[in-house]
Amino acid sequence: MTGNADKWIYAWELQQNLEIKGREERFSFMFDVVGHYSGTKPKILDLACGPGSLGGKFTARYPHATSVGVDYDPVLLHLARSFSGYDHNRMRFVEADLGKDDWVTLLNSRDFDAVMSTTALHWLNESSLRRVYGEIYSLLGENGIFLNGDHLYPLNENGAIKELFNNLRHKHQEQEKTSGKALTWNQWWEEISEVEEFRELLEERKRRYPNADRHTHEVSLEQHREFLRDAGFRAIEVGWQDLDNRVLIALK
């Protein structure tokens with residue numbers, strides 16, 4: 001493939017739907033919740049936005065919504081800013097590292113109606129996640145809502161159940177692979193690394209994420225709840241689930 005952002009975003013969507021069972025259903029549920037709770041003209045923060053999938057889909061569904069996306073991956077941010085399928089009049093992207101405490105200032109915006117994140121916050125360790133949840137609370141306006149869609153594991157989840165969930169998820173991935181349409185996560189990164197346009201961005205990405213292949217911190221579902229309660233959220237509950245893929249909702 002060439003360096004055309006639209007082609008890479010399209011390939012990203014196929015790859016993500018291959019890797020994450022129920023991804024589109026999860027998006028739809030989250031958007032239903034925010035539309036019901038915050039109205040159809042909300043200002044949202046897409047946390048660890050990657051190439052902007054969540055914000056792009058949300059603003060497409062709600063034509064009067066606005067979105068601010070924040071991420072630190074230079075490759076994915078380049079794609080987000082270059083993709084012709086987004087309404088860039090209603091979507092803005094900010095380069096900032098959630099692992100550092102200056103990202104809130106770099107946003108240059110607050111009083112969000114909703115903050116959302118999908119398949120991203122597992123990059124943060126316990127101390128960083130606790131801090132970020134407190135910062136999310138401060139960024140939300142009155143009666144704001146936070147939704148985190150990710151693989152969330154309860155402390156008491158039986159090992160046999162976890163293995164069953166993993167096997168079912170892998171079965172889904174293998175079935176999708178037979179279609180021949182989607183690249184895997186590793187294949188997507190391997191192919192984009194061969195495009196000259198992205199060489200410098202990929203080198204910068206390696207500098208920023210030297211251990212990108214070991215990025216998952218399995219913070220338990222109970223810890224997520226604890227950190228959100230400590231941040232000040234008044235109501236916290238899982239609202240949607242497909243195997244271990246859950247959406248955790250927190251109300252300010």
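1. Let's start with strand S5, covering residues 140-151. In this predicted model, ten of its twelve residues are buried, so S5 is largely enclosed by the rest of the structure. On one side S5 pairs with strand S4 (residues 112-118): the two run parallel and are joined by six bridges. If you want a spot to click on, Phe 112 stands opposite Leu 140 in S5.

2. Zooming out to the sheet: seven strands make it up, and it is an open one. Reading across, the order is S3-S2-S1-S4-S5-S7-S6, with mixed pairing. Which strands stand at the edges? They are S3 (91-95) and S6 (235-242); each has a single partner strand, so one side of each is left without a neighbour in the sheet. Going from strand to neighbouring strand, the turn is 20° on average, ignoring direction.

3. Now the S3 edge. Strand S2 (residues 66-71) pairs with S3 in the parallel sense, over five bridges. Within that pairing, Val 70 has Val 94 of S3 as its bridge partner. Helix H4 (residues 74-82) packs on the sheet here and touches both S2 and S3. The direction of H4 makes about 160° with that of S3.

4. Val 70 deserves a closer look. This residue lies in strand S2, and is it buried or exposed? Its relative accessible area is 0%, and since anything under 20% counts as buried, Val 70 is buried. Leaving out residues up to four places away in sequence, Val 70 touches Leu 45, Asp 46, Leu 47, Ala 48, Cys 49, Val 94, Ala 96 and Leu 107. There is also Phe 93, which sits 23 residues from Val 70 along the chain, yet their C-alpha atoms are separated by 5.8 Å.

5. Over at the S6 edge the pairing is of the other kind: S6 and S7 run antiparallel, with seven bridges joining them. Here Gln 241 stands opposite Arg 246 in S7. The two strands form a hairpin with two residues between them, and in that hairpin Leu 243 takes a positive phi near 60°. Helix H10 (residues 221-231) lies across S5, S6 and strand S7 (245-251), and runs at about 150° to S6.

6. Two more backbone angles to check, one on either side of S4. Asp 111 has a positive phi of about 55°, although it is not a glycine. Asp 111 is placed in the loop between helix H5 (103-107) and S4, and is exposed, with a relative accessible area of 53%. Thr 119, another residue other than glycine, also has a positive phi, near 45°. Its loop is the one between S4 and helix H6 (126-139). At 21% relative accessibility Thr 119 counts as partly exposed; the cut-off for buried is under 20%.

7. A charged side chain to look at: where does Arg 205 lie? Arg 205 is in helix H9 (residues 199-208). With 12% relative accessibility, Arg 205 counts as buried. What does the side chain of Arg 205 make a polar contact with? The partner is the side chain of Asp 73, at 2.6 Å.

8. Finally, the chain as a whole. There are ten helices and seven strands. The radius of gyration is 18 Å, close to the 18 Å that the globule rule gives for 252 residues, so the chain is as compact as a globular protein of that length. Along its principal axes the C-alpha trace spans about 50 × 45 × 35 Å. Of the 252 residues, 53% count as buried.

9. On contacts and surface: take the contacts between residues at least 6 apart in sequence, and 75% of them join residues at least 24 apart. The chain exposes about 12,000 Å², and carbon and sulfur atoms supply 47% of that area.

Definitions and conventions:
Residues are numbered from 1 along each chain as its sequence is written. This is a predicted model: local features need pLDDT of at least 70, side-chain atom pairs count only at pLDDT 80 or more; totals for chains, interfaces and linings use all residues. Side-chain values use heavy atoms; hydrogens and water are left out. Helices (H or I, at least four residues) and strands (E, at least two) are DSSP runs, numbered from the N terminus. Buried means under 20% relative accessible area, exposed over 50%, partly exposed in between (1.4 Å probe, protein chains only). A polar contact is a pair of N or O atoms within 3.5 Å; within protein, one must be able to donate a hydrogen and the other to accept it, and residues adjacent in sequence count only if both atoms are side-chain atoms. Two strands pair if DSSP finds at least two bridges between them. Axes are lines fitted to C-alpha atoms, for helices over the stretch in contact, and angles run from 0 to 180 degrees between N-to-C directions. Contact means heavy atoms within 4.5 Å. The radius of gyration is taken over C-alpha atoms; the globule rule is 2.2 Å times the number of residues to the power 0.38. Accessible areas come from the Shrake-Rupley method with a 1.4 Å probe; for residues, only the protein chains shown count as cover.
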